[in-house]
Amino acid sequence: MESIWSQTCQIEERPPLPGDAETEVAVIGAGMAGALIASALQEAGKRVVVLEADRIASGQTKNTTAKITSQHGAIYRKLTDSLGEDSARQYAMANEAALAEYRRIIAENGIDCDFEEQSAYVYGDDAEALRAEAECAAALGLPASFTDKTTLPFSTAGAVRFDRQAQFHPLKFLKAIAEPLTIYEKTSVQAVEDHRLVTNRGTVTAEKIIFACHFPFVNFPGLYFARMHQERSYVLALENAPSMDGMWIFADGASNPYSFRRWNDLLLLGGGGHRCGENSAGGRYDELRQRARAWFPQSREAARWSAQDCVTADGVPYIGQYAASRPDAATGFRKWGMTTSMAAAMLLRDSICGRENPYAEVFDPGRFDPETVTGVAEESGQAVKGLARRFFRIPTETAGKLPRGHGGVVLLDGEKVGVYKDEDGTLYPVDTRCPHMGCQLEWNPDGKSWDCPCHGSRFDRFGRLISGPAQTGLHTEP
């Protein structure tokens, strides 16, 4: 289930860390955020090392729908109401600045990455609410307007349109900007001790440390595990689908909650979102296929993949230091990681280089507004629920009754375990305790993975780690 980006762009391997090293800045993670942060700092004259546990772009970057836009859903009225007009404008202008920076980098370096200007739309069923959103966004300085004309395959009340936005091929762009960077692959950071990073290949001492690894794995300080959750979504790439101008996303409450954008001759149809660890019934790809057959009966599925996004309580990413003398972080990008990765690179570059940045305050990881406090309470409740599943939910199904090609939490020899049964009937039992904080994992049929409903760690059907904040795979049962 590789994305079309992974299928059409290969990035050369880099060697692991050869031993102990010293640098000015160490960046953890070589996805889009890590590479952009390192590139911006290196351009500013800093010595930077990037440490990647797997391969460049092996995490969430390869699974994006690759929109570069300040239109992040119908959010600007909410941000204005909850954070105030000044903070909402900071958020808006930071993302517009990020879009402009992409244009600059691509033009100055002649990067061939299918960069294309498009309008971005958020559609819905409430025309009055969409008009109000457009007016609010325009008042903040964004290129927003309301339209009742769409090219969607179903009727809707209209959409908020943002002009002069963009889309691209993320791996072609990342391959180009990563070329001059010092990146060590297969180098897993296992601990952070003041200015020292302990890896499986040696130690790195750095004046500044930046977490750009999707979800920071250090629990204290920062409390990111209590202030964020992770959500999954699914995409089909369709051949022979009608042309559709622009990039489309739905507003909350829309009767057709799907996203659309084109790349070359393919239409990307996205949807089926859910909180990580809450998809035991599966069927998300099948739901998209049903929609594709109804709307585009001549189309054919060329590829499918899924993505995962960190979501903060107030919808604004955490970029910067949580506290003095602590590592910086760039996380909580929701579905807008391409734009916000660039915003993070600009913000962290300015902070580390001692420059003023007019947009820094709204992204401060140390903020505790009312929505953040509410979010902490909700995430704590979710963790309690996940732990309760582990201690009090007794499975009724035995491993023998699992269909082939499926998994689940079952009884095996009288013990509660997670089991995957392959097509030959071989059983692969694992401990269902997430090694991050002990919550019970749930089987995801669409991803054939073990997913944590508390903090979003994921493991493949054999128990190998896919993504954190967990740092190790699952214990396999004998």
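This is a short talk through some cysteines, one helix, two sheets and two serines in a predicted model.

Okay, hi everyone. Keep in mind as we go that this is a prediction.

Let's begin with the cysteines. How many disulfides does the model have? The count comes to one. Cys-439 and Cys-454 form that disulfide, and their sulfur atoms sit 2.2 Å apart. If you like handedness, the link between Cys-439 and Cys-454 is left-handed, with -100 degrees about the S-S bond. And what does the link tie together? Cys-439 is in the loop between strand S20, residues 427-430, and strand S21, residues 442-444, while Cys-454 is in the loop between strand S22, residues 449-451, and strand S23, residues 458-460, so the pair connects parts that are 15 residues apart in sequence.

Are these two cysteines buried or exposed? Cys-439 counts as buried, at 2% relative accessibility. Cys-454 is buried as well, with a relative accessible area of 1%.

Now a pair that doesn't make it. Take Cys-434: the closest cysteine sulfur belongs to Cys-452, and at 4.1 Å that is too far for a bond. The cut-off here is 2.5 Å between the sulfur atoms. Cys-434 is buried too, with a relative accessible area of 3%. Cys-353, on the other hand, is partly exposed, at a relative accessible area of 25%.

One more cysteine, Cys-113. You'll find Cys-113 in the loop between helix H4, residues 85-109, and strand S4, residues 116-124. Cys-113 is buried, with a relative accessible area of 1%. So who touches it? Leaving aside neighbours within four places in sequence, Cys-113 is in contact with Ile-106, Phe-168, His-169, Lys-172 and Phe-173. There's also a nice bit of folding back here: Cys-113 and Gln-167 are 54 residues apart in sequence, yet 9.5 Å apart in space, C-alpha to C-alpha.

Right, on to the sheets around the disulfide. S21 and S22, which we just met, belong to an open sheet of four strands, in the order S21-S22-S23-S24, with antiparallel pairing. At the edges are S21 and strand S24, residues 465-467, each pairing on one side only. On average, neighbouring strands of this sheet are turned by 35 degrees against each other, ignoring direction. If you want to look at one pairing in detail, S21 and S22 run antiparallel and are joined by three bridges. One example is Glu-442, whose bridge partner in S22 is Asp-451.

S20, from the other side of the Cys-439 loop, belongs to an open sheet of three strands, ordered S18-S19-S20 and paired antiparallel. Strand S18, residues 406-412, and S20 are the edge strands here, each pairing on one side only. The twist in this sheet averages 35 degrees from one strand to the next. Seven bridges join S18 to strand S19, residues 415-421, and those two run antiparallel. As a landmark, Gly-408 stands opposite Val-419 in S19.

Next, helix H8, residues 284-295. How does its length check out? With 12 residues at 1.5 Å a residue, H8 should span 16 Å, and its end C-alpha atoms are 17 Å apart, which agrees. Which residues of H8 are buried? That's Arg-284, Tyr-285, Leu-288, Ala-292 and Trp-295. Look down the axis of H8 and these buried residues fall within an arc of 100 degrees, so they line one face of the helix. Arg-293 and Ala-294 are exposed, on the other side of H8. What covers the buried residues of H8? The cover includes strand S11, residues 228-239, strand S13, residues 259-263, strand S14, residues 266-275, and strand S15, residues 300-312.

That brings us to the serines, because one of them, Ser-233, has its place in strand S11. Ser-233 is buried, with a relative accessible area of 12%. Apart from neighbours within four places in sequence, Ser-233 is in contact with Gly-271, Gly-273, Trp-305, Ser-306, Ala-307, Asp-309 and Lys-335.

The other is Ser-6, in helix H1, residues 4-8. Ser-6 is buried, with a relative accessible area of 12%. Outside its neighbours within four places in sequence, Ser-6 is in contact with Lys-62 and Leu-171.

And that's the tour. Thanks, everyone.

Definitions and conventions. Residues numbered from 1 in each chain as written. Predicted model: local features only at pLDDT ≥ 70, side-chain atom pairs only at ≥ 80, totals over all residues. Heavy atoms only, no water. Buried < 20%, exposed > 50% of the residue type's maximum accessible area, 1.4 Å probe, protein only. Contact = heavy atoms within 4.5 Å. Pairing = 2+ DSSP bridges. Axes fitted to C-alpha atoms, helices over the stretch in contact; angles between N-to-C directions. Expected span 1.5 Å × (residues − 1). Arc of directions from axis to C-beta.
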